[in-house]
Amino acid sequence: NHIKEIYSNAFLDLLNLKTLDLSNNIIVSIKNNTFIDLKKLTKLILSNNIITTLDINVFKGLNILSNLHLSNNRIKQLKREQFIDLAKLNNLYINNNNLEFLENFTFSGLKNLINLELKENKISIIETEAFYDLKNLRHLRLDKNLINIFNSSYIINIRDLDLSFNQIELLKISSLSNLKFIYDINLDSNR
């Protein structure tokens, strides 16, 4: 398909829709409140488009969404509380975009998030409270970025952490000391 833009009322009468796949289009932007009427939507796939920005209210109304796919776009920035309305989200995929930093409270509100994938971006800075609220996070992929310092605050229940192919030169024991449940850390091919 060649869908470029999605308007606010595009899905107005699709009240029982559970999965919406808009991947492999040429979507550049999505208007605020576009999905607000999709109260039963559990899976939203927006991968393989050319989305550069996400408005703060773009996911408003998706109260039971459990899977969100945003990989292979051109997203440059995630705003503070970008996902605040997605309290039921379990899986978030934002691989292969143009993210350069993660600001404090970016993932605020995602109390049920289990899997977070941010691999193959350009992330070099992760602010201390970027992962605030992620109490149930078990799997975090940050491989193939430009990270040189990593702080594990707020991801205390993590089981699997991938930081391979980054720019980490020095790893302080204190930076991982709160990871009591970790069983797999990948630090392969760092600087």
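## Strands and overall fold

The chain has twelve strands and zero helices. Its pattern along the sequence is therefore β at every one of the listed positions, written β-β-β-β-β-β-β-β-β-β-β-β. Both kinds of element are DSSP runs numbered from the N terminus: helices are H or I runs of at least four residues, and strands are E runs of at least two.

This is a predicted model, in which local features need pLDDT of at least 70 and side-chain atom pairs count only at pLDDT 80 or more, while totals for chains, interfaces and linings use all residues. Residues are numbered from 1 along each chain as its sequence is written, and side-chain values use heavy atoms, with hydrogens and water left out.

## Size and packing

The C-alpha trace spans about 55 × 30 × 25 Å along its principal axes. The radius of gyration of the chain is 17 Å, which agrees with the value near 16 Å for a compact globule of 191 residues. This radius is taken over C-alpha atoms, and the globule rule is 2.2 Å times the number of residues to the power 0.38.

Of the 191 residues, 45% are buried. Buried means under 20% relative accessible area, exposed means over 50%, and partly exposed lies in between (1.4 Å probe, protein chains only). Among contacts (heavy atoms within 4.5 Å) with a separation of 6 or more, 50% join residues 24 or more positions apart.

## Surface and charge

The accessible surface comes to about 9,400 Å², and carbon and sulfur atoms hold 49% of that area. Accessible areas come from the Shrake-Rupley method with a 1.4 Å probe; for residues, only the protein chains shown count as cover.

## Two residues with positive phi

Asparagine 48 is not a glycine, yet has a positive phi of about 60°. This asparagine sits in the loop between β4 (43–45) and β5 (67–69) and is partly exposed, with a relative accessible area of 32%.

Glutamate 81 also is not a glycine and has a positive phi of about 60°. Its place is the loop between β5 and β6 (91–93), where glutamate 81 is partly exposed at a relative accessible area of 35%.

## Glutamine 82

Glutamine 82 is found in the loop between β5 and β6. With a relative accessible area of 2%, glutamine 82 is buried.

Leaving aside residues up to four places away in sequence, glutamine 82 touches Leu54, Asp55, Ile56, Val58, Phe59 and Thr106. A polar atom of the glutamine 82 side chain lies 3.0 Å from the backbone oxygen of aspartate 55.

Terms used
Polar contact = N/O pair within 3.5 Å; in protein donor to acceptor, adjacent residues only side chain to side chain.
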